[in-house]
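User: Please take a close look at one part of this model. I would like a connected account of what is buried there and what surrounds it.

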Amino acid sequence: MAAILVVDDAKFMRVTLARILQKADHTVAGEAENGKEAVELYRRLRPELVIMDITMPVMNGIEAVRAIKEIDPGAKIIICSALGQQRMVVEAIEAGAADFIVKPFEESRVLEAVARLL
């Protein structure tokens, strides 16, 4: 299956996503807690997919999407948002994110989004 980079400032969310992905036989290639770490890890690991929170310290998800797309225009990125962040989701899609999932995560929705992009 796929090597996926999981990015969220909340450890609990990273653990939750990792469990969902590993249960579906995907590999968590790495974890980052902010956009800056995500960009550095993307550059080093070149995962097949990135699942990234939109609201994070240091560098937010939108800025990180832009930076990753500069490194690799073909990067596949799913953005995570809380309800009520529609404007930010639109901005992330415009920056290059391919899909979005809403927190709290529904396992089926996460896996559908992953399957669509792989």
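Analyst: Arg14 is buried, with a relative accessible area of 7% in this predicted model. That value counts as buried because the cut-off is under 20%. Arg14 belongs to helix H1, which spans residues 11-23. Leaving out residues up to four places away in sequence, Arg14 touches Val6, Asp8 and Asp9. Its other contacts on that count are Glu31, Ala32 and Glu33.

Two of these residues lead on to Asp53. Asp8 and Asp9 are among the residues that touch Arg14, and both also touch Asp53. Asp53 lies in strand E3, residues 49-53. Asp53 is buried too, with a relative accessible area of 4%. Again leaving out residues up to four places away in sequence, Asp53 also touches Val7, Gly61, Ile79, Cys80 and Lys103. An unreviewed UniProt entry places the feature "modified residue: 4-aspartylphosphate" at Asp53.

Next comes helix H4. H4 covers residues 86-95, and Val89, Ala92 and Ala95 are buried in it. Seen down the axis of H4, its buried residues fall within an arc of 120 degrees, so they line one face of the helix. What covers them includes helix H3 (61-71), strand E4 (77-82) and strand E5 (99-103). The face of H4 turned away from the buried side carries Gln86, Arg87 and Glu94, which are exposed. Gly96 follows H4, and its phi is positive, near 130 degrees.

Terms used
Residues are numbered from 1 along each chain as its sequence is written. This is a predicted model: local features need pLDDT of at least 70, side-chain atom pairs count only at pLDDT 80 or more; totals for chains, interfaces and linings use all residues. Side-chain values use heavy atoms; hydrogens and water are left out. Buried means under 20% relative accessible area, exposed over 50%, partly exposed in between (1.4 Å probe, protein chains only). Helices (H or I, at least four residues) and strands (E, at least two) are DSSP runs, numbered from the N terminus. The arc is that of the directions from the helix axis to the C-beta atoms. Contact means heavy atoms within 4.5 Å. UniProt positions are given in the numbering used here, feature names are shortened, and annotations may be inferred rather than shown by experiment.
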